[in-house]
Amino acid sequence: MNRLLIIGPPGAGKGTQAVKIAEKLNIPAISTGDIFRKNIKEETELGKEAKGYIDEGNLVPDSVTNRMVRARLAEEDCTDGFLLDGYPRNVAQVSELDDILTDMGQEIGQVLLLVADNEELVQRLLGRAAEQGRSDDNEEVIRHRLKVYEEETAPLVAIYSERGLVTSIDGLGEIDEVTTRIMDALK
Ligand code: B4P
């Protein structure tokens, strides 16, 4: 059963690849960032809670994020697998995801780690800023998001490596090349 996580720094291509891989595997791609952005656009209570954190490049509080992910994973389309993009993002969220999956009688199958160097990441995100104008894609906030990744999310690699779940993927090169690398790396 495909229960996959994709992790990596901002701009590594998580969202880009998650959609493509999930489509090939016929499972839902669940992006916490996308869910937050949709709620911000629709001005829901969740969106109002998340907006300030996202605009500054900080993580949204775990209480908000965990509740949202638990509800999403309980939906019927996740029964046969899912690809989680952007969650978990800190050590506390790892524990919460363990609890959620235990409650569902499931476990993580594989963790895909997308790797790219910082300057490439900044260039990609500035490129997206020019095209899409996302509120957290300006250079100051991008550099802060990279710092938050190093402090909060990078430690997850060791945790999941100890469980034998991590596969590193080179995130550089054409988008389709990276997709092929990921498909070849799936167990
Ligand atoms: P995300 O939406 O996850 O944003 P991201 O880290 O920038 O990744 P994204 O998936 O959008 O970009 P990608 O690398 O695909 O998070 C945004 C914010 O939401 C966070 O800062 C936080 O505030 C909040 N949040 C989300 N999850 C949370 C959680 N669990 N807990 C708390 N807070 C949370 O792509 C970037 C750019 O690179 C794109 O323009 C793309 O076209 C380009 N690109 C991708 N692959 C490429 C390639 N191979 N070559 C060239 N360009 C490429």
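These legends go with a handful of close-up views of a predicted model.

**View 1. The residues around the ligand.** Start with the shell: 31 residues surround the ligand here. Closest in are G13, G15, G33, G86 and R128. Five helices, α1, α2, α3, α6 and α9, each chip in with at least two residues of the shell. Which helix gives the largest share? That's α6, with 4 residues. Sorted by class, the shell holds 14 polar, 11 nonpolar and 6 charged residues.

**View 2. The sheet and its strand order.** Here we have an open sheet of 5 strands, and reading across it gives β2-β3-β1-β4-β5, with parallel pairing. The edges belong to β2 (29–31) and β5 (166–170), each of which pairs on one side only. Going from one strand to the next, the twist averages 25°.

**View 3. β1 beside β4, with α9 on the sheet.** Zoom in on β1, residues 2–7, and β4, residues 110–115: the two strands pair in the parallel sense over 4 bridges. If you want a landmark, look for I7, which stands opposite L113 in β4. Helix α9 packs on the sheet, where it touches β4 and β5. The direction of α9 makes about 155° with that of β5. You've met α9 (175–185) already, as one of the helices that supply residues to the ligand shell.

**View 4. Where α2 meets α3.** Two packed helices are described by the angle between their axes and the distance between the axes. For α2 and α3, the axes come within 8 Å and cross at roughly 115°, so these helices are roughly perpendicular to each other. As for handedness, α2 passes α3 in a left-handed crossing. On the α2 side, look for F36, N39 and I40; these meet L46, G47, A50, K51 and I54 in α3. By class, the residues of this contact divide into 5 nonpolar, 2 polar and 1 charged. Both helices also turn up in the ligand shell, with α2 spanning 32–41 and α3 spanning 45–56.

**View 5. Where α6 meets α7.** Now for another helix pair: α6 and α7 (residues 139–153) pack at an angle of about 140°, and their axes are 10 Å apart. That angle makes α6 oblique to α7. Is the crossing left-handed or right-handed? In this pair, α6 passes α7 in a right-handed crossing. From α6, the contact uses N118, L121, V122, L125 and L126, while α7 brings E139, I142 and L146. The contact of α6 with α7 breaks down by class into 6 nonpolar, 1 polar and 1 charged residues. Helix α6 (118–132) is worth keeping in mind from View 1 as well, since it's the source of the largest share of the ligand shell.

**View 6. Two backbone spots to check by eye.** Most residues other than glycine have a negative phi, and most peptide bonds are trans. Where does the cis peptide bond sit? It joins Y87 and P88, with omega at about 0°. P88 lies in the loop between β3 (81–85) and α5 (91–104). The other spot is N26, a residue other than glycine whose phi is positive, near 60°. You'll find N26 in the loop between α1 and β2.

Notes
Residues numbered from 1 in each chain as written. Predicted model: local features only at pLDDT ≥ 70, side-chain atom pairs only at ≥ 80, totals over all residues. Near = placed C-beta within 6 Å. Nonpolar A, V, L, I, M, F, W, Y, C, P; charged D, E, K, R; others polar. Pairing = 2+ DSSP bridges. Axes fitted to C-alpha atoms, helices over the stretch in contact; angles between N-to-C directions. Contact = placed C-beta atoms within 7 Å. Parallel < 35°, antiparallel > 145°, perpendicular 65-115°, else oblique. Left-handed = near helix turned anticlockwise from the far one by under 90°.
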